[in-house]
Amino acid sequence: MHRLKTRPQFQAAMAGGTVSRTAHFALHRLRLGAGASASPAAAATPDTRPPGPGALPPPQGPQALFVVPGSGEAAGEPWLGAMVPKRWARRAVTRNTIKRQIYAVAPGFAAELGTAAHVVRLRAGFDRKQFPSATSDALRQAVRAELLQLFAQAVRRPGGHKPPAAKAAAEADAPAAALPLAEAARP
């Protein structure tokens, strides 16, 4: 499993979309590989910019960000990055503990994650009243349990689409809202 290191790598992976969420974490995924790098619209439009000094480089897909040095191509292994902002974990020791847990749990799911770039983002803080110590066994166990749940959800839903229950609920609300308008239109 490769680690994301640069800001553009993190930005590209975050732009890929959210695959799963738990109370404290979100997992973002950007698919890598053949056909996933460039959109058909980008491939259809030719580059009409004049070459020369000051010209921008030709547009590159996110694939260029995920090339393993020396191999010349994107590896078949997943990429992983951990984003633990100070907003949600004030102490550095807590942020490092959470990152260590992320990097320890992820390799167990590497085969199921496929060739993609992933970012695990802390999206809410852990209650300091429940976990007063900056790094404790209880905090480690809580983080690990939630990360296992996060990756299990991502493996179950590889596309990261809405769950069927949420889709059915949205469809059920739409006809109900249109019903009163249809009844009001009758003479």
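## Core and surrounding elements of a predicted model

The largest nonpolar core has 24 residues, and those with the most contacts inside it are Phe25, Ile98, Ile102, Val120, Phe126, Leu147 and Phe151. At least two residues of this core come from each of E3, E4, H3, E5 and H5. H5 gives the largest share, six residues. The structure is a predicted model. In soluble globular proteins, nonpolar side chains tend to be buried together. Another core, of 10 residues, lies apart from the largest nonpolar core, and its members include Leu4, Phe10, Ala12 and Ala13.

**Two residues of the main core**

Phe25 belongs to strand E3. Phe25 counts as buried because its relative accessibility is 0%, below the 20% cut-off. Leaving aside neighbours within four places in sequence, the contacts of Phe25 include Ile98, Ile102, Val120, Phe126 and Leu147. Among the other contacts of Phe25 are Ser20, Val143, Glu146 and Leu150. Phe25 and Glu146 are 121 residues apart along the chain, yet their C-alpha atoms are separated by 7.8 Å.

Ile98 is one of the buried residues of H3. With neighbours within four places in sequence again left aside, Ile98 is in contact with Phe25, Val84, Ala89, Leu122, Phe126 and Val143.

**Helices H3 and H5**

The end-to-end spans of the two helices are set out below.

| Helix | Number of residues | C-alpha span, first to last | Expected span |
|---|---|---|---|
| H3 | 14 residues | 20 Å | 20 Å |
| H5 | 20 residues | 28 Å | 28 Å |

Helix H5 runs over residues 137–156, and its reach is close to the expected value. Its buried residues are Leu139, Val143, Glu146, Leu147, Leu150, Phe151, Gln153 and Ala154. Seen down the axis of H5, these buried residues fall within an arc of 155°, so they line one face of the helix. The exposed residues Asp137, Gln141 and Arg156 are carried on the face of H5 turned away from its buried side. The cover over the buried residues of H5 includes strands E2 (18–21), E3 (25–31), E4 (79–83) and E5 (116–122), together with helices H3 (92–105) and H4 (110–113).

Ser136 is in the loop between E5 and H5. With a relative accessibility of 16%, Ser136 counts as buried. A polar atom of the Ser136 side chain lies 3.2 Å from the backbone nitrogen of Leu139, and Leu139 is itself one of the buried residues of H5.

In H3, the end C-alpha separation agrees with the span that its residue count should give. The buried residues of H3 are Thr94, Arg95, Thr97, Ile98, Gln101, Ile102, Tyr103 and Val105. These residues pack against strand E1 (2–3), E3, E4, E5 and H5.

**Strand E3 and its partners**

Strand E3 is mostly covered, with six of its seven residues buried. E3 pairs with E2 in the antiparallel sense over three bridges, and the two strands form a hairpin with three residues between them. Within this pairing, Leu27 in E3 is the bridge partner of Ser20. E3 also runs antiparallel to E5, to which seven bridges join it. Here Arg29 stands opposite His118 in E5.

**Helix H1**

Where do the buried residues of H1 fall around the helix axis? Helix H1 covers residues 7–15, and its buried residues are Gln9, Phe10, Ala12 and Ala13. Seen down the axis of H1, they fall within an arc of 165°, so they line one face of the helix. The face of H1 turned away from its buried side carries the exposed residues Arg7 and Ala15. E1, E3, E4 and E5 are among the elements that cover the buried residues of H1. Three of the residues buried in H1, namely Phe10, Ala12 and Ala13, are among the members of the 10-residue core.

Gln9, found in helix H1, is buried, with a relative accessible area of 7%. Not counting residues up to four places away in sequence, Gln9 touches Arg3, Leu4, Leu65, Phe66 and Trp79. One of these, Leu4, is also among the residues of the 10-residue core. After H1 comes Gly17, whose phi is positive, near 115°.

Key. Residues numbered from 1 in each chain as written. Predicted model: local features only at pLDDT ≥ 70, side-chain atom pairs only at ≥ 80, totals over all residues. Heavy atoms only, no water. Helix = DSSP H or I, 4+ residues; strand = E, 2+ residues; numbered from the N terminus. Expected span 1.5 Å × (residues − 1). Buried < 20%, exposed > 50% of the residue type's maximum accessible area, 1.4 Å probe, protein only. Arc of directions from axis to C-beta. Contact = heavy atoms within 4.5 Å. Core = buried A, V, L, I, M, F, W, Y, C linked by side-chain atoms within 4.5 Å. Pairing = 2+ DSSP bridges. Polar contact = N/O pair within 3.5 Å; in protein donor to acceptor, adjacent residues only side chain to side chain.
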